[in-house]
Amino acid sequence: MSQEALRAAFLLEALPYIREFYGQTIVIKYGGHAMKDEALRKSFALNIQLLRYIGVNPVIVHGGGPQIGNMLKQLGITSEFRQGLRVTDEATMDVVEMVLVGKVNKEIVNLINTQGGRAVGLSGKDGRMIWAQKLEMAVERADAPPEIIDLGKVGEVVAVDTSVISSLQAANFIPVIAPVGVDEEGNTYNINADSVASAVAVAVGAKKLILLTDVPGVLDKKGELISSMTLHQAVNALEQGVVTGGMIPKIKCCLEAVDGGVAKAHILDGRVENVILLEMFTQGGIGSEITSK
C-alpha cells in the first residue's frame, strides 16, 4: 500500500472515534519525559490542538516534581520524602506554588498557544476550583500502632467546582490546571497531579482520563503489557501484587475515575510521539486501559 493510501486508511480508521468523542471532555495528566523532550513537547501541543479543532474538549492537569526539586535545591531548601510524597512546610509550599503556578503552568500554556491553540492557565485556587484538605497518612506496622506521618501542606481533593472549566470550554479555551488546592480557611495545599486529574475527570463527566507516564503501561509479573482491564480485574491486580511501586497510586486514581463515572482511564507512555492520538483514534490503541466492565 502506498504512503498516500496509508494516510487515507488512517483517516477512515479514525472517523468513528472522531464521531464518538465529538463534544466530549478528555482529561489529560501531563508529566514525565513528555514535559522535558522538545520534540515530545511540540507533539503534545499539536495533539491537544488537533483534539480541540475536531470538537473534543481537552482539560490538562500537569505535574512538576522535578522542577520543584531543582528550585528547592537552588534555594538551599532540603526536601524530605515520606512514602513517596514530599513533606511540604510553609517555605516549601511557597516554592511549590511559585514553580507549579508561576512557571510550569505558564510554560505549558505558552507551548500550546505558540502551536496555534488557545490555552488558559489555572490553579485550583482560581474560583476555588479545587477544594482540598490536609492529607492524613498512617503507615501500618506489624508489631505497633500505625505511624502517623505529618506531611505538612500536602493535601487531597475534597471537591471540584467546575464553573471556571465550563466557562473556558464554552469560550473555546483549553484549561491547563496546576495541582494546587485550597481549604475553607484559605490554606493552600500541594496535591498529587494524578489525583487532581482523576477528581477533575469525575467532576466534569469526562469520557476519558489519560495519565502520561514514563513506562509503556501496566505490566504483568512477566513484564508484559496488560492492554486492557476491567475495574474488577484492576482491583484483583492490586490485591495480588501484580501492580507494584509507583504504578499502584496511578491505578488507584484510574479506579476512582472509572468508579466515578468516567468511561475509560488510560495509562500511556508519554515518551511515544503522538501517543494521545494513537490511543484515541486507532483500533488497537496503545498503553493500558481500565474500563467499568
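Is Phe44 buried or exposed, and what is its relative accessible area? In this predicted model, Phe44 has a relative accessible area of 4% and is buried, because buried here means under 20%.

**The chain as a whole**

The secondary structure of the chain comes to nine helices and 16 strands. The radius of gyration is 19 Å, close to the 19 Å that the globule rule gives for 293 residues, so the chain is as compact as a globular protein of that length. Along the principal axes, the C-alpha atoms fill a box of roughly 65 × 45 × 35 Å. Of the 293 residues, 45% count as buried, and the accessible surface comes to about 14,000 Å², with 52% of that surface belonging to carbon and sulfur atoms. Among contacts between residues at least 6 apart in sequence, 74% join residues at least 24 apart.

**The sheet and a helix that packs on it**

Eight strands make up an open sheet with mixed pairing, in the order E5-E10-E2-E1-E13-E15-E16-E14. Strand E5 (119-123) and strand E14 (228-230) are the edge strands, each of which pairs on one side only, and the twist from one strand to the next averages 20°. At the E5 edge, strand E5 pairs with strand E10 (residues 174-178) in the parallel sense over five bridges, and Ala119 stands opposite Ile174 in E10. Helix H2 (residues 38-53) packs on the sheet, where it touches strand E1 (25-30), strand E2 (57-62), E10 and strand E13 (208-213), and the direction of H2 makes about 145° with that of E2.

**Two aromatic pairs**

A pair of aromatic rings is described by the distance of the centres and the angle of the planes. The count in this chain comes to two aromatic pairs, which are set out below.

| Pair | Centre to centre | Angle between planes | Arrangement |
|---|---|---|---|
| Phe21 and Phe281 | 6.3 Å | 70° | edge-to-face |
| Tyr30 and Phe44 | 3.7 Å | 0° | stacked |

The pair of Phe21 and Phe281 links distant parts of the chain, since Phe21 lies in helix H1 (residues 3-21) and Phe281 in helix H9 (residues 275-281), 260 residues apart. Phe21 counts as buried at 3% relative accessibility, and Phe281 counts as buried at 4%.

The other pair joins Tyr30 in strand E1 to Phe44 in helix H2, 14 residues apart. Helix H2 touches strand E1 as part of its packing on the sheet, and the two rings belong to these elements. Tyr30 counts as buried at 0% relative accessibility, while Phe44, the residue of the opening question, is buried at 4%.

Notes. Residues are numbered from 1 along each chain as its sequence is written. This is a predicted model: local features need pLDDT of at least 70, side-chain atom pairs count only at pLDDT 80 or more; totals for chains, interfaces and linings use all residues. Side-chain values use heavy atoms; hydrogens and water are left out. Two strands pair if DSSP finds at least two bridges between them. Helices (H or I, at least four residues) and strands (E, at least two) are DSSP runs, numbered from the N terminus. Axes are lines fitted to C-alpha atoms, for helices over the stretch in contact, and angles run from 0 to 180 degrees between N-to-C directions. Contact means heavy atoms within 4.5 Å. The radius of gyration is taken over C-alpha atoms; the globule rule is 2.2 Å times the number of residues to the power 0.38. Buried means under 20% relative accessible area, exposed over 50%, partly exposed in between (1.4 Å probe, protein chains only). Accessible areas come from the Shrake-Rupley method with a 1.4 Å probe; for residues, only the protein chains shown count as cover. Rings of Phe, Tyr and Trp (its six-membered ring) pair if their centres lie within 6.5 Å; planes under 30 degrees apart count as stacked, over 60 as edge-to-face and the rest as tilted.
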